[in-house]
Amino acid sequence: MHVLLDGRPVEAGAGATLGDLLPDLGGSYFVAVIRPQAMEAAQTGHLRLVTTAGEVVIETTPLFSTYFGNETIPAPLSLRWSDRYTAAFGPFPSGVSPDRRPHRYARGDVVLGCAGYDRVRSVLLFARADHRADFGAGADGGVVGTIVSGRGVIDRWTEGDSITAVERVVSWADRSTSFTTADPATPLEEGCEVVTRVEVTAEGYGGDVVGTKTARSVEHLLLSLEGGFFSVGRAASTFIRDETMVPMDVSMDLKKPRREGAVTVRAAGGSRGGVYMYREEIPSHPAHTLVGHVVHGIEIVKLAESGQRFRVSVDPARFDLVGFPLAEARAIAERRGIGVELKGEGEDLIVVGQSPGTTLEALAKGSVVLSVLPAEKVVGITLDDARAPTTCDIFRRATGLKTHAVGSMPVLFTFEDVTLFQPKIKKSINILPENVPKDLVPSGSLAMTNESRRGAGMVGVRATDNSEFGPTSEPFESTNLIGRVLDLEKVARFKEGETVYVREVKRHG
């Protein structure tokens, strides 16, 4: 039978199931299945432009019908000229009355203008960057559409490229026949479509053009989805939300209308740090910053339900070298085309800092400065999320391990077999008893003092076993065990007032 898999036609045998098509499905993630009758659909206000460099989808504005009526954009159209701000295709005749004045345009705007103020030589222009220009558009500015998918394509257009076809995008007439599933036994039907993942392009990223205005909030997006999955904590009529990093303070970098397929991060309120994907357009909101756009898999976004998770990828991938051995960090940077300078020296070095620290800034600059320390000065630890998830989260946030593989905290006090640390924990954080020891605390155990003592938030490690007191020298009921120190011999070398860098070693399997 004929099946579409992420837009590609594939052949499947009679009686084939999703598991035959996706051997790794196994209930681990959800996919969208669009049955054939669901595709008998109504036309939308979206146009798909097929070009020699890839597809672009635009959402038309009311001006589109003013100039094109019930017709569509003529094709084929050749690229007439391009620069860092705009790419123009044409010429073709239109009803534009040139205003002969410059207008303000935003990246992603699609403009109908005239070359030489001649309406017979009209051109369709795609704004690659925010700018002000006179394109021979009408007094209304001539914005006939906005790109909702394929923004990276417009940056790749060069001499010889063309728009080869234009077609209306359709929506599903009957969504009851479209669904999400993680069941590999789901039977396939002739002509159905399977969508396995959502692909997102980060705001500010477009091939050779890298904007850094949204660098901090985009970094939060990349961190939140770095594991390759979007977990739907809430599904509403207009959006779905991933709450993996809630709560987390995020900067407000860009407030814009949230169109269908827009991706935002909430920058204020109880759900701050949540990642949102939009099923339909709603107005901008001062608590939301725009961080990306869905370029594939909008079907999953529209159909996903609370409690489900699906595969997701973001372009570009996160660039964070903190925690890597220097040799490995250099290899990653070389693959990404980013130069490396070092701050620090020694043998067997570990990266403990990176500047600039965000992916977009690193890509835009083309180089980073890495702060390095000898491995003997970086202490390896493991954290016990299974038994102390809340306290481990508090510890990661306080030390920086929530956002990087290496964190730090100052040494407060050392005596006999105990070393105490004082990470910066907000006073509003309540450290409730969790995973308190019962009889013996083994040497190397890492612990945090809970709210039952004045020293709440203190972190400690003990070099010997103890059956009376925890690693912070508090009674067992005041001690939350959070993990283990793997390099106990290194801890003894640190003195009061020094900063200890800790590297989390993840457990697999």
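**Helix H6 and its surroundings in the predicted model**

The buried residues of helix H6 are covered by elements that include strand S25 (339-343), strand S26 (349-355) and strand S27 (367-374). In this predicted model, helix H6 spans residues 326-335, and Leu326, Ala329, Ile332 and Ala333 are its buried residues. Viewed down the axis of H6, these buried residues fall within an arc of 120°, and they therefore line one face of the helix. The face of H6 that is turned away from this buried side carries Ala327, Glu334 and Arg335, which are exposed. Just after H6, Gly337 adopts a positive phi of about 75°.

A nonpolar patch on the surface is formed by Leu412, Phe413 and Phe415, which together have about 240 Å² of accessible area. Of these residues, Phe413 lies in strand S29, which comprises residues 406-415. Phe413 counts as partly exposed because its relative accessibility is 38%, a value that falls between the limits of 20% for buried and 50% for exposed residues.

For the protein as a whole, the secondary structure comes to nine helices and 34 strands, and the C-alpha atoms fill a box of roughly 90 × 55 × 40 Å along the principal axes. Of the 509 residues in the protein, 51% are buried, while the exposed surface amounts to about 23200 Å², of which carbon and sulfur atoms supply 49%. Among contacts between residues at least 6 apart in sequence, 73% join residues that are at least 24 apart.

Conventions. Residues numbered from 1 in each chain as written. Predicted model: local features only at pLDDT ≥ 70, side-chain atom pairs only at ≥ 80, totals over all residues. Heavy atoms only, no water. Patch = residues over 30% accessible without salt bridge, like charges linked within 9 Å, V, L, I, M, F, W, Y side chains within 5 Å. Areas by Shrake-Rupley, 256 points an atom, 1.4 Å probe, with all protein chains shown as cover. Salt bridge = Lys/Arg side-chain N within 4 Å of Asp/Glu carboxyl O. Helix = DSSP H or I, 4+ residues; strand = E, 2+ residues; numbered from the N terminus. Buried < 20%, exposed > 50% of the residue type's maximum accessible area, 1.4 Å probe, protein only. Arc of directions from axis to C-beta. Contact = heavy atoms within 4.5 Å.
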